[in-house]
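Visitor: I am new to this structure and should be grateful for a close look at a single part of it. Please take me through one strand and its surroundings.

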Amino acid sequence: MSTKHNLLSLFSGCGGMDLGFTGSFICNSKSINEKLHPDWILENLDGKALLAPTCFETVFANDIRPDAKAAWVSYFSHHYENANERYHLESIVDLVKQVKKGQFSFPENIDIVTGGFPCQDFSVAGKRLGFNSQKSHLGTALATDEPSIESRGQLYIWMRDVITLTKPKIFIAENVKGLTNLADAKAVIEHDFSTAGNGGYIVVKASVLNSANYGVPQNRERVLFFGYKKSALKKEALEALSQDVISDKYNPYPLQTHSKSDSDLLPLVTSFDVLSDLPEPENSSDLSQQKYSKAKYMGTHCQGQTEIKLNDVAPTIRSEHHGNIEYRRLSKEHGGNHTKELKEGLQERRLTVRECARIQTFPDDYQFILPRTSENVSVSSSDAYKIIGNAVPCLLAYNVAKNIEGKWHLYFGEDK
């Protein structure tokens, strides 16, 4: 690979987007459509696939959660000698303010900015306050009920400011599908992003992708916003990206690889496909497989009290606490359907941390249960559930990254 493009990651969490944009991780072989992407697999490993690297390198990551940073650094220290220094544990609001005061600076020569700005205020699972969030940029309650530019629901504005400051050729912002049917939120965000760099960016009309259509064993729908620096684009690319309907040649949204109904694509990857080889927690040496919520069954009127379907994709892995994590297996008494497992004497339990991670397509060498680090941070199973649920599925991000990588020369006239 001739050139590495510098990536600045915002709202990085534990690194789902960053890992997808890095590549070089192991996933289930059924998750990769080799007919469409014959060059994505470096090595087949008995039902698993080692993915090829991408042309992107994360030179800066950022979040406010110490547990997310601990997990990120634990994994990416195998990629970067200075992983800890690359991850900045600070609010994006405070970072931008420091830059404007001359007290901080982002890395130079940034090619791409990514960020999954906070979704709680747009999610159908929440209060849907949107731009009128009652939480601050630090996740605490606002001192006033008045809407604030520093609220959690308007942090994409600060992402726009980072784009203005760093001048990347392309940016990608991610959020929940619920944003698209909350008043005019999508149109407002598209417009606001287009004003980055004094109107120097063209923002493609945002679309929703379902992770299941990209080899992720999960029904997880997310909206993606793509923006391009006008002055960096080739004339033909600028013209193509300005159209209401963008041709496949220039479209930033990756081609679908899996389908429930299209026989020309691979079938959806199921929960069974990715979980069946895992030992039960009591027989595992993996801390993340040993740990699972012991919250009692609370009845079907509560969220997270159903068992996953093994012959289908899993439900959305949410950033929840112990009591809302779906069941790997319910007892017969509580309506369990995995009769073969029940006959074998396997007990009712919720999904383990590792099972949630696999459904999010994190590789098994990504550790989530961590002892106290040198920065006096530990990651418990409760923390792990939350940061895994917050993440972008690694494989969805990889599909996006490889699509952008393959079209980089079309957009900007440069080698990959």
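Guide: The account below follows strand S4 and its partners, and then turns to the spaces within the model.

This is a predicted model, in which local features need pLDDT of at least 70 and side-chain atom pairs count only at pLDDT 80 or more, while totals for chains, interfaces and linings use all residues. Residues are numbered from 1 along each chain as its sequence is written, and side-chain values use heavy atoms, with hydrogens and water left out.

Strand S4 comprises residues 48-51; strands (E, at least two residues) and helices (H or I, at least four) are DSSP runs, numbered from the N terminus. In a regular strand the side chains alternate between the two faces of the sheet. In S4, Ala49 and Leu51 make up the covered face, whereas Lys48 and Leu50 belong to the uncovered one.

S4 pairs with strand S2 (residues 26-28) through three bridges, and the two run antiparallel; strands count as paired if DSSP finds at least two bridges between them. Within this pairing, cysteine 27 stands opposite alanine 49, a residue of the covered face.

S4 is also joined to strand S3 (residues 41-44), again antiparallel and by three bridges. Here isoleucine 41 has leucine 51 as its bridge partner, and leucine 51 too lies on the covered face. S3 and S4 form a hairpin with three residues between them. In that turn, aspartate 46 has a positive phi of about 55°.

The empty spaces of the model may now be considered. Rolling a probe the size of a water molecule over the atoms shows where empty space is left. A cavity is a set of points, on a 1 Å grid over the protein atoms alone, where a 1.4 Å probe fits but cannot get out; lining residues have an atom within 4 Å of a point. Grid points are joined across faces, edges and corners, and a volume is the space filled by probe spheres set on the points.

The structure holds three cavities of 30 Å³ or more, and the largest has a volume of about 50 Å³. Its lining consists of Met17, Ile172, Leu224, Val392, Leu396, Ala397 and Val400. Helix H14 (residues 394-412) supplies the largest share of that lining, three residues. The lining divides into seven nonpolar residues, no polar and no charged; Ala, Val, Leu, Ile, Met, Phe, Trp, Tyr, Cys and Pro count as nonpolar, Asp, Glu, Lys and Arg as charged, and the others, Gly among them, as polar.

Key: Buried < 20%, exposed > 50% of the residue type's maximum accessible area, 1.4 Å probe, protein only. 1 Å grid on protein atoms, 1.4 Å probe; cavity = no way out; pocket = protein on both sides within 12 Å on 5 of 7 lines; lining within 4 Å.
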